[in-house]
Every structure is written in structure tokens, then in C-alpha cells.
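Colleague: I am new to this structure and would like a close look at a single part of it. Could you take me through one contact and then set it in its surroundings?

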Amino acid sequence: LSKQREGSTAGDNTRQRRSDMVVQLQAKLKERGGTQGGSAELRKEMREFTLNKQKELEKERAELKMQLMMATSKLTNMEEYMDRTIQEYQAEIMQLKSQLRR
């Protein structure tokens, strides 16, 4: 649970950093608005930023998907274990009850 909270906080920090970067790039764009060379350079920076963030997000998505698959598998195994154990205990209870009746 604490790892999930840390991941959530890390995600919030990542969003904040992305937002800050977008604001900085937009400020640069306004600052260089009059020069054609500056705009082309800024567009290039924004394109690189977008591609890098997309790669980061895709990597994070793949990691989260893997975690989901692992958690789902663990849950399925735990449910199967619980079902088997309950059935074994119920059979044992029935056996003990029958022994008490004798």
C-alpha cells in the first residue's frame, strides 16, 4: 500500500514537472515569437519534449500493466488456495462431527 502511495505521489510529481516544462516552453515561444529561427528551434524542443514524455508514459504504462497482470495472477492463486483450504476444512469438520456422534 505504501508503494502504491509512493507511486501515486511520484505520478503527481511527474505531472507537475511536465506541466512546468510546458509552461516554460510556452513562455519561450512567446518570448521568441518574432523570430522565425527561434520559433523553429522552439518547435523542435517541444517536439522532442513530447516524444520523450510519450516514451516515458508508454514505459510507465507497460510497467503498470505488468504489475496489474502480476497482481491479478496472485489474486487468482490466492482465491484458488482459499477455496481448496475451505473445502479441506469443511471436510475435516464433517469428519470430526461424525466422530463425535459415535
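Modeller: The backbone oxygen of Tyr81 lies 2.8 Å from a polar atom in the side chain of Thr85, and because this is a predicted model, that distance, like the other values here, is computed from the model. Tyr81 is found in helix H2, which covers residues 36–101, and Thr85 lies in helix H2 as well. The two partners can be told apart by their accessibility: Thr85, at 15% relative accessibility, counts as buried because the cut-off for that class is under 20%, whereas Tyr81, at 44% relative accessibility, counts as partly exposed.

Tyr81 also has a part in the surface of the model, since Met78, Tyr81, Met82 and Ile86 form a nonpolar patch there. Together, the four residues of this patch have about 390 Å² of accessible area. For the chain as a whole, the accessible surface comes to about 9200 Å², and 55% of that surface belongs to carbon and sulfur atoms.

Elsewhere in helix H2 there is a contact between charged side chains, where Glu56 and Lys53 meet in a salt bridge with a distance of 3.3 Å from N to O. A search of the whole structure finds one salt bridge. Its partners, Glu56 and Lys53, both lie in helix H2 and are three residues apart, which is about one turn of the helix. Here too the partners fall into separate classes of accessibility, for Lys53 is buried with a relative accessible area of 18%, while Glu56, at 39% relative accessibility, counts as partly exposed.

To place helix H2 in the whole, it helps to turn to the chain itself, which has two helices and zero strands. Helix H1 takes in residues 2–31, and Val22 has its place there; at 32% relative accessibility, Val22 counts as partly exposed. The C-alpha atom of Val22 is separated by 8.2 Å from that of Met46, although the two residues are 24 residues apart along the chain. Finally, as background for the buried residues named above, Thr85 and Lys53, buried residues make up 10% of the 102 residues in the chain.

Definitions and conventions: Residues are numbered from 1 along each chain as its sequence is written. This is a predicted model: local features need pLDDT of at least 70, side-chain atom pairs count only at pLDDT 80 or more; totals for chains, interfaces and linings use all residues. Side-chain values use heavy atoms; hydrogens and water are left out. Patches are made of residues with over 30% relative accessible area and no salt bridge: like charges are joined within 9 Å, nonpolar side chains (Val, Leu, Ile, Met, Phe, Trp, Tyr) within 5 Å. Accessible areas come from the Shrake-Rupley method with a 1.4 Å probe; for residues, only the protein chains shown count as cover. Helices (H or I, at least four residues) and strands (E, at least two) are DSSP runs, numbered from the N terminus. Buried means under 20% relative accessible area, exposed over 50%, partly exposed in between (1.4 Å probe, protein chains only). A polar contact is a pair of N or O atoms within 3.5 Å; within protein, one must be able to donate a hydrogen and the other to accept it, and residues adjacent in sequence count only if both atoms are side-chain atoms.
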